[in-house]
Amino acid sequence: MESGSQRIFRIPTALRAATLSLAMALVTAVTVNAGGFGGANTGAVGGVVIDSEGIVRAATVDEQQDFANRIRALLDAPAGDWNEASDMRVVSLRGLQDQVAKARAEGRPIPDEVSLMAGLTRIEYVFVDSDRSDILVAGPAEPWKLLPEGSIVGTKTGQTILRLDDLAVALQSVEMARQQGILCSIEPTAEGRANLKKMLSRVALRPGQNPSYLVPAMREAFGPQQVQLAGIPGESRMARTLVAADFEMKRLAMGLVDSPVRGLPSYLDMAKNSTQSRSSNPRWWMACDYDNLRRSDDGLAWKISGQGVKTMTDNDLIEADGRAVAANQKSKVAQRWADLMTQQFNELAKSMPVFSDLQSTMDMNVVATLIVQERLAEKANLDLTILSSDKDTLDLGSYFVPEEIPPHCSFIQGVNGWIVTASGGVDINAFQIVEKQTVDAKVADVRTATLAAAGDRWWWNK
């Protein structure tokens, strides 16, 4: 594709298909013990295989079918009360732990409704029930279904169903996140950037010549990209959610996959008529996006609101040796793309469940940080050991950690040189969200009504 003084080209269609199955597979991994379905400790993960060295490759058709069949065989369709949606379903953390302990004592898998947290799709309220030594979480809930690529979503909205294993990882990772934050990025190496720059310095295109023939050599020079994770266990499902969301965001920005949302073109399409700097390359990352937490005066009732995810941008300045340093300036086009993705995020999540999964991950980390930071378990006199530290009771399983991704990048040839867009990430700073609090007496009223509706079950609809 050519426009004005710039030429934009993308990875061929066959490669797009392979990378799509990669990203979807990274997020659909599930654990046997904590989730009750899927497969743990195996190299095959959905549409890819992650070997013992952390190298990712596309799975064969047989491997993909095997993965989907295992989930389908073990995931029960919702029946009875689970076939009902609710604008506000209340789930007892004490009850969840009791259900886990009971299943383990009886030597049976954790029920799907427990693994899927009673069908919750978001957490909007957190309440302390000191009379029952409990913490309650509440939000909208739906019956669930399995999508062809393995995502488990609500039948009403298509929103990802929350997962017990994600809540456990979030609770267990609060102190780790306090020290270093929760971060994910897929980054080119300095050596790869330097190799690519050297290669392109020797390229001289003739007038009208299509630069797409350079793609194989550019990818080879650029080399594999490194997966970097911090703040959570790298072998967890949550880590794979971050990697997959990062991967898909970059592919959308770079035009390596067609956007399912009409109002969200690729950055490359938006940038084709703009002037590009010779040495500056845009990066994007997704971060938490919540309103101020509203709480009761006594700190026993909390309301969480907001989209949960926003897209941020900055520029990297690529130095002669290939190192990327922050340029401390934003490309206007990259900022417009980030703003569009934020505005279209909920619509995008309906078509690409990986982003709904990321939204759920943000919720879980905010809730876990709130519980720890505000000492809600102490206020409730609730022992959260099963969820927060007892790995013998709640086995979260483990996976080979993805360490290296084959190069996936797009290139723009402008009047000032070549622009490579290949960097991105996820940054979850739940502590910053929890610090922003506003007292709201109405939240206490919701808590009172919720506790009054409590019965003998570990969940109920308000």
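These legends describe close-up views of a predicted model.

**Figure 1. The whole chain, an overview of a predicted model.**
The protein chain has 462 residues, and 58% of them are buried. Its secondary structure comprises 18 helices and 23 strands. Contacts often span long stretches of sequence. Among those between residues at least 6 apart, 77% join residues at least 24 apart.

**Figure 2. Val 90 and its surroundings in strand S6.**
Strand S6 covers residues 86-92, and Val 90 is part of it. Val 90 has 0% relative accessibility, so the residue counts as buried. Which residues does Val 90 contact, leaving aside its neighbours within four places in sequence? One group is Leu 136, Val 137 and Ala 138. Another holds Trp 458, Trp 459 and Trp 460. Thr 450 and Lys 462 complete the list. Look at the pair Val 90 and Leu 136. In sequence, 46 residues separate them. In space, their C-alpha atoms are 6.5 Å apart.

**Figure 3. The salt bridge between Asp 166 and Arg 237.**
The structure holds 13 salt bridges, and three of them are shown in this and the next two views. Side chains of opposite charge can pair when their charged atoms come close. Here the side chains of Asp 166 and Arg 237 meet, with 2.7 Å from N to O. Asp 166 sits in helix H6 (residues 164-172), while Arg 237 sits in helix H10 (residues 237-254), so the bridge ties together parts that are 71 residues apart in sequence. Are these two residues buried or exposed? Both Asp 166 and Arg 237 are buried.

**Figure 4. The salt bridge between Arg 178 and Glu 175 in helix H7.**
The closest N and O atoms of Arg 178 and Glu 175 are 2.9 Å apart. Both residues belong to helix H7 and lie three residues apart, so about one helical turn separates them. Arg 178 is partly exposed, at 35% relative accessible area. Glu 175 is also partly exposed, at 43%. Elsewhere, salt bridges with shared partners join Asp 166, Arg 237 and Asp 357 into one network.

**Figure 5. The salt bridge between Glu 106 and Arg 108.**
The side chains of Glu 106 and Arg 108 meet at 2.5 Å, N to O. Glu 106 is partly exposed, with a relative accessible area of 47%. For Arg 108, which is partly exposed, the value is 27%.

**Figure 6. The largest cavity and its lining.**
How many cavities of 30 Å³ or more does the structure hold? There are three. The largest has a volume of about 40 Å³. Its lining includes Ala 170, Ser 173, Val 174, Ala 177 and Ile 182. Also in the lining are Asn 365, Thr 369, Ile 428, Ala 430 and Phe 431. Which helices each supply at least two lining residues? They are helix H7 (174-180), helix H14 (353-373) and helix H17 (430-435). Seven of the lining residues are nonpolar and three are polar. None is charged.

**Figure 7. Cys 184 and Cys 288, two buried cysteines.**
How many disulfides does a search of the whole structure find? The search finds zero. Cys 184 has 3% relative accessibility, so this residue counts as buried. Cys 288 is buried too, with a relative accessible area of 8%. The cut-off for buried is under 20% relative accessible area.

Key: Residues numbered from 1 in each chain as written. Predicted model: local features only at pLDDT ≥ 70, side-chain atom pairs only at ≥ 80, totals over all residues. Heavy atoms only, no water. Disulfide = S-S within 2.5 Å. Buried < 20%, exposed > 50% of the residue type's maximum accessible area, 1.4 Å probe, protein only. 1 Å grid on protein atoms, 1.4 Å probe; cavity = no way out; pocket = protein on both sides within 12 Å on 5 of 7 lines; lining within 4 Å. Points joined across faces, edges and corners; volume = space filled by probe spheres on them. Helix = DSSP H or I, 4+ residues; strand = E, 2+ residues; numbered from the N terminus. Nonpolar A, V, L, I, M, F, W, Y, C, P; charged D, E, K, R; others polar. Salt bridge = Lys/Arg side-chain N within 4 Å of Asp/Glu carboxyl O. Contact = heavy atoms within 4.5 Å.
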